[in-house]
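Here is a friendly walk through one protein model, from its overall build down to a few single residues. Have the sequence and the 3D view ready as you read.

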Amino acid sequence: MAQIRPFAAWRYAKIGRDLSAVTAPPYDVVPPEMRTQLLARDPYNAVALELPSGSEDPSAPDSRYVQGKATWDEWRGSGFLAQDEHPTIYVLEQSGTYQGRAFRRRGFIAEVALEPFSAGVVLPHEQTLPKAIGDRFELIRATEANLSQILGLFEDPDNVSIRLFDELTVRPADAEATDADGVLSRLWSVTDTAVIDEIVSLLAPSRVFIADGHHRYKTSLAYREYRRAKAAGEPVPSDVTEALASAEAATCGCGCGCSGSAGHEAAYDFIMVALVSIDDPELTILPTHRVVRCANDFDSDGFLAELRQRFDVVGVAEGGQGDPYDAFVGISEDVPAFLIQTSPGSPLLRATLHSDVSLDEAISADMSLSWKSLDVTVLAELILNPLLGISINDRESLKRLSFAKDPRQALSQATDRDLVFIMRATRLDQMKTVSLGGEVMPQKSTYFYPKLLTGLVFRSTE
C-alpha cells in the first residue's frame, strides 16, 4: 500500500491569485533562452529555484546549488513565500485544447512515502540518465525542498475520484496560472480532515505509476538515505550512486520488501506527487520524436538498404506537408512502425517491421516480448544502436540524439546531417504492462500532456 498524507506547502504570498508570471515548465524542458525569458518577465519566477545560475560543480563556492539554497532561504525569510497553516491536500485541474480537442486533467497533490522500486509500491516505466540524477540530488541536498511535484498515476477503475473532484472544485480556485501553450492550471486547498481521510482511503490501496519525474523520484530516494545516515550519526553516502544502492537495500525487515516508510514521519521520507487516475479517459500520452545527428560520411542509401532487411519502407508524403500522423492510418497498433525523414524536405518514409521478424530473436536483451514490441524499443535496438551507433549506455553517442514533442518542429529544425524519426504514442496499456513486469522503457518513451507547472506549490523536507 502507498502511504499518502497531506502537507503544508510553501506558496507565493505576495503575487495574488494569478501566478502565470512566476510559474514555469518542468526544469528538463527549459532551455537557457526560455529561462532568461521567464526571469525577465518576473525575477521571482520559480525557474530561479529549479534552475539556479552558477557552476554545476557542487564543490564550487559559486555553484548553482549554493545559489538555489540562498534564493530559497531569501524568499521564505522575506515572506515572499509563506507556508500554509494546516496540513493540506491540493486539488489540481489543468484544462485547455490540444489539436482542436478540449481536455481536462485533475489530480491530488500530496506527500507519498518513498519506496524502492523493488517493493512494488511505486513503479517506474522509463530509464534515467545518471547526470540528471546527480544534478537533482545536489539541488535537493542544498535546498532541502521539493521544488516541483512529480506526476504519478493511481488506480481508480470505478472512477470514484471523479465525484470527489466535482465536489471539491465547485468553489473558486485559490490560485491559477496559464502557461505558454494556453493550458490553465487551477489549485484548490483541502483542509477538512474528513475529506482528506476520504481521499487518502481512495489513494492508499493503489500502486503508484511514475508518469513523469523518474529522475526526481530517484533523487529523493538517494536524498532520504543521505538524511537517514546523517540523522543516525552514520557515514553519509559519498555520492548519489551509493545513496541509491543504499535505498534499494533498505527494507523494513518484515519480508514484504517495503522500506519501512510507514514507521517514519520525517519529511525526507516522502516526496511531493500530483496523483492522477490512470483510469481517467481524458489522460493523454503524446509521442516524443527523435532527431539523430549523423556523421559527415553518412550514406542514406546504404542506411535504407540495411533498414529494408527487417522493415517494409515506403514513401508516404512530402516532408512537412499535411499531418504526418495520417501516414499511420491503416497500420495496426501492434505492429512496430515509425516515420523517417533522411534529409530536410525529402519525402517521409514509413518503416513497418516485417511480419516474419521474431523480436525475441532479433533483440537479444533478456526482456519480455511486451517490452521488445514497443515502437521505441524496436527503434533503439534495431536501428539507433546497430545502424547509427547510439546506445543508452554510451553517453558520448547520446549527445547526437535529441527529442521533440511536435513532429513539424522536428522536421523543420532538421539539418542536412539529421535523421528524423516520427513516433506514435506509447499506449497506456503498454506502459502499465511493462511497469507491472518490473521493466523500464527507453528514455522519453512517453510524454504525458500537459506538463505540470512548477511554482504552484513547494514543499520543504527539513
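What follows covers the whole protein, then its cavities, then some local backbone features.

**The protein as a whole**

Please keep in mind that this is a predicted model. The protein has 15 helices and 21 strands. Its C-alpha atoms fill a box of roughly 65 × 55 × 45 Å along the principal axes. Does that go with a compact or an extended build? For 462 residues, a compact globule would have a radius of gyration near 23 Å, and the protein has 23 Å, so the two agree.

Burial and contacts add to this picture. Of the 462 residues, 55% count as buried. Among contacts between residues at least 6 apart in sequence, 77% join residues at least 24 apart. The accessible surface of the protein comes to about 19,600 Å², and 49% of that surface belongs to carbon and sulfur atoms.

**Spaces inside**

How many cavities of 30 Å³ or more does a search of the whole structure find? There are four. The largest cavity has a volume of about 150 Å³. It is lined by 13 residues, and those closest to its centre are I140, A145, N146, L147 and R216. Three elements give two or more residues each to this lining: α4 (130-143), β7 (145-146) and α7 (214-231).

The second largest cavity holds about 80 Å³ of space. Its lining has 14 residues, with P26, Q149, D212, R216 and L452 nearest the centre. R216 is thus a residue to look for twice: it is listed among those closest to the centre of the largest cavity, and again among those nearest the centre of the second largest.

Here is how the two linings divide by residue class.

| Cavity | Nonpolar | Polar | Charged |
|---|---|---|---|
| Largest cavity | six residues | four residues | three residues |
| Second largest cavity | seven residues | three residues | four residues |

**Backbone features worth a look**

Most residues other than glycine have a negative phi, and most peptide bonds are trans. With that in mind, a few spots in this model are worth visiting.

Begin with the peptide bond that joins Y449 and P450: it is cis, with omega about 0°. P450 sits in the loop between β20 (447-449) and β21 (459-460).

Next come two non-glycine residues with a positive phi. N159 has phi near 55° and is found in the loop between β8 (150-154) and α5 (160-168). K444 has phi near 60°, and its place is in the loop between α15 (428-436) and β20.

Are these two residues buried, partly exposed or exposed? The relative accessibility of N159 is 27%, so N159 counts as partly exposed. K444 has 25% and therefore counts as partly exposed too.

**A loop proline and its neighbours**

The last stop is P205, in the loop between α6 (193-203) and β11 (208-212). At 55% relative accessibility, P205 counts as exposed, because the cut-off for that class is over 50%. Leaving aside residues up to four places away in sequence, P205 touches M1 and V200. Another residue to find in the view is Q3: P205 and Q3 are 202 residues apart in sequence, while their C-alpha atoms are 8.8 Å apart in space.

Technical notes: Residues numbered from 1 in each chain as written. Predicted model: local features only at pLDDT ≥ 70, side-chain atom pairs only at ≥ 80, totals over all residues. Heavy atoms only, no water. 1 Å grid on protein atoms, 1.4 Å probe; cavity = no way out; pocket = protein on both sides within 12 Å on 5 of 7 lines; lining within 4 Å. Points joined across faces, edges and corners; volume = space filled by probe spheres on them. Helix = DSSP H or I, 4+ residues; strand = E, 2+ residues; numbered from the N terminus. Nonpolar A, V, L, I, M, F, W, Y, C, P; charged D, E, K, R; others polar. Rg over C-alpha atoms; globule rule 2.2 N^0.38 Å. Buried < 20%, exposed > 50% of the residue type's maximum accessible area, 1.4 Å probe, protein only. Contact = heavy atoms within 4.5 Å. Areas by Shrake-Rupley, 256 points an atom, 1.4 Å probe, with all protein chains shown as cover.
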